[in-house]
Amino acid sequence: MADLSHFIFTGRLTQDAAVRTLAYGKKVLSANVAINTGYGEYKKVMFVKVQMWGERGDKIVEYLKKGTAISCDGIPERNEYDTREGKHYVEFLVNTNEINFMGSKPQTQQSQDDTPTEYPEDIPF
């Protein structure tokens, strides 16, 4: 059996996920996730690009909105590339087969505004 790295993490989406169809017909879901590490003065944020290949991503993309908390596991990759302007970038990428939703659905601004800030004095409890 070959050695294989496996990366399991939780985080929040930094933008809405998107599905692309490649030239040969294969679909891929792409999402960017912010992962908090450390605490106090040592707190850092790591950004990870997540890809899910095939039809599964097409079925869940509508639920993967900015700010959604997810847990994910998959095979990590490290990509390096240079831009035309000469900048060197290193990208951390995870190819996943599973994305789990954590917590409840994020509230919209309107539903938060409907919550009363003061309660009447005659509430029977």
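How many residues lie between S2 and S3 in the hairpin that they form, and which residue in the turn has a positive phi? In this model, which is a predicted one, five residues separate the two strands, and Gly 25 is the turn residue with the positive phi, at about 95°. Strand S2, residues 18-21, runs antiparallel to S3 and is joined to S3 by four bridges, one of which I can name by its residues, since Val 19 has Leu 29 as its bridge partner in S3.

Let me stay with Leu 29, which also has a bridge partner in S4, namely Met 52. Strand S4, residues 44-53, pairs with S3 in the antiparallel sense over ten bridges, and the hairpin of S3 and S4 has six residues between the strands, with Gly 38 taking a positive phi near 75°. Strand S1, residues 7-13, is likewise antiparallel to S3, with two bridges joining them, and here Arg 12 is partnered by Ala 34 of S3.

Turning now to the salt bridges, the count is two. In one, the side chains of Asp 58 and Lys 27 meet with an N to O distance of 2.9 Å, a contact that links distant parts of the chain, with Asp 58 in helix H1, residues 55-60, and Lys 27 in strand S3, residues 27-37, 31 residues apart. Asp 58 is partly exposed at 30% relative accessibility, and Lys 27 is partly exposed at 23%.

In the other, Arg 78 bridges to Glu 80, with the closest N and O atoms 2.9 Å apart; Arg 78 counts as exposed, at 58% relative accessibility, whereas Glu 80, at 45%, counts as partly exposed.

How values were computed: Residues are numbered from 1 along each chain as its sequence is written. This is a predicted model: local features need pLDDT of at least 70, side-chain atom pairs count only at pLDDT 80 or more; totals for chains, interfaces and linings use all residues. Side-chain values use heavy atoms; hydrogens and water are left out. A salt bridge is a side-chain nitrogen of Lys or Arg within 4 Å of a carboxyl oxygen of Asp or Glu. Buried means under 20% relative accessible area, exposed over 50%, partly exposed in between (1.4 Å probe, protein chains only). Two strands pair if DSSP finds at least two bridges between them.
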